[in-house]
Amino acid sequence: MSLILDHVDYVYGGDTALAVHALKDVELVIPDGQFIGLIGHTGSGKSTLVQHLNGLIKPTGGTIYFNGEDIHAQDYDKKKLRSKVGLVFQYPEHQLFEIDVFSDVCFGPKNLGLTKQETELRAYAALKQVGLEDEYFYQSPFDLSGGQKRRVAIAGVLAMKPEVLILDEPTAGLDPKGRDEILDQIAKLKEETGITVILVSHSMEDVAKYVERIIVMNQGSVLFDDVPKEVFQHFRKLEEVGLAAPQVTYIMQELREKGLPVRTDATTIVEAKQEILRVLGKSYT
Amino acid sequence: MGIIKTDKLVFEYIRRDEEGNVEGITRAVDEVDLDVKQGDFVAILGHNGSGKSTLAKHINAILYPTEGTVWVDGMDTKNENDIWNIRQEAGMVFQNPDNQIIGQVVEEDVGFGPENMGVPTEEIWQRVEESLKAVGMYQYRKYSPNKLSGGQKQRVSIAGVIAMHPKCIILDEPTAMLDPNGRKEVVRAVRALNDVEGITVVLITHYMEEIIHADRVFVMDKGRIAMQGTPREIFSQVERLKELRLDVPQVTLLAYELQKSGIDLPDGILTVEELTQALLVIQK
């Protein structure tokens, strides 16, 4: 049970003078149950990559396998793929359209041809999973706050019971608390259901805090693919490609350069705090 | 009087259901008094729905007060005769660069504002050049905007505003859609406008690190100003900010956590350098 990208290439505008090589020989294995961060500057190929994962774009070279099957084989059921690999676009609340929250979340499962009862059970479960209180279920989605709307939109994808959930910048435009709430909810969901989560993000701090593996895209290729600690050690290279490390990584680097003997691989506040306390503790005694 | 001043500004709108019946009244801005000096860099923070954008839209007369008054450079925004002068003096930049760029070529886009004001052609080109140089985009003047990155597009939007020679510029979450590099580029351009050109800046953002150099910070909640002060004064109050659904820069949070563990650090550390200095002193 996994997604495998085997030498995937994607060129658009191939027969014109403006051909763009958006993905170059991408090789990735995405096993079940991982929490993955996908980062890269604007135009690095992140969005093109995620659109390949549920078959929205067909690679111009190479093969994509989902659970061992080639997703572009003649007899492959794409509809099923799209219910199994759920993609939440940027600003998904712009896609809400139903008269109330509950109907909106029902739309996906209803189109899978499920019974009314099954559809409603799934919608209810999905709204619970994103932490929306019952009182909002029969309100117009347009009367909710930004963070709530976004959760409804995510519930709409969860109601399809995906095995892989891809979120394209789910926290853009939300206030800090709203950011934490959505990401905490996703982390909890991943814990409880064992679903694979791919988080596309521009926030290095968020990625460092939540994911277990980071894939860095640059000019259509995979630049790094490793645990956060290792990836953020390459902060100078990351800066060259328009990214950065979390601020704590810079703090640790600066401390070490100025003579405080800390290890520099902390990527979260908690790790940095422990490391600084460890070093100060030692120098006190 | 400062360049921007509001006196007991109130903005209310009527909520209606689908049939158009009145459901109630929402007070989005509630008795806000603001006084911004010419040349200041002011930041406005607040959670989604706290009233920041509604307040900002009053400054260039997109919205008018329900009660109270807004003056821009001494002009009352309710005075219809001044509306074009106000909009020229207080320019606005929004979140999504793709919604703000209309030209086919960068330099045409930047020239659109002054052209509409009836600036002579010669001077338009001069202003386009100055504005693009001010945001570091001059070498892209002949590009098509859709070939640019998010941060570059947003800097073109800013150039389009400063080509109208405003006295102040209001930026409503200009970096929300950008990658780390794009955010850095835009913040650097905005600081340069303030430092070098002396343009008054009002920056609305959810990224706390972007405002550590501001002269003054206002925090909004439920349409009111809940906190105001220098960045150091504001970011010293970690718990209060969290109650208001906000945050502090990572370095400030780390210093706060170390303080809680008994390390003797000053309140409101804002930069990596400050923290390093303070820790080195302790180590000795």
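A residue counts as buried here if 20 or more other C-beta atoms lie within 10 Å of its own, as exposed if 12 or fewer do, and as partly exposed in between, with C-beta atoms placed from the backbone. Keep that in mind as we go.

What you have open is a predicted model, in which local features need pLDDT of at least 70 and side-chain atom pairs count only at pLDDT 80 or more, while totals for chains, interfaces and linings use all residues. Residues are numbered from 1 along each chain as its sequence is written, and chains are lettered from A and ligands numbered from 1 in the order in which they are written.

**Stop 1: all of chain A.** Select chain A and switch to a cartoon: you should find 11 helices and 10 strands, where helices (H or I, at least four residues) and strands (E, at least two) are DSSP runs numbered from the N terminus. The radius of gyration of chain A, taken over C-alpha atoms, is 21 Å, close to the 19 Å from the globule rule (2.2 Å times the number of residues to the power 0.38), so chain A is as compact as a globular protein of 285 residues. Its C-alpha trace spans about 70 × 55 × 35 Å along the principal axes. Of the 285 residues of chain A, 45% are buried.

**Stop 2: the sheet in chain A.** Now pick out strands 2, 1, 4 and 5 of chain A, which form an open antiparallel sheet in that order; strands pair if DSSP finds at least two bridges between them. Strand 2 (20–31) and strand 5 (69–70) of chain A are the edges, each pairing on one side only. Zoom in on strand 1 (residues 2–12) of chain A, joined to the antiparallel strand 2 by eight bridges. To see one pairing, select A:L3 and its bridge partner in strand 2, A:I30.

**Stop 3: where the chains meet.** Show both chains: the contact takes 36 residues from chain A and 35 from chain B, a contact being two residues with C-beta atoms, placed from the backbone, within 7 Å. On the chain B side, helix 6 (180–196), helix 9 and helix 10 (272–283) each supply at least two residues. Helix 10 of chain B gives the most, with seven residues.

**Stop 4: helix 9 of chain B.** Finish by selecting residues 250–260 of chain B: eight of the 11 are buried, so helix 9 is largely enclosed by the rest of the structure. Among the buried ones are B:Q250, B:Y256 and B:L258. Just after helix 9, look for B:G262, which takes a positive phi of about 100°.
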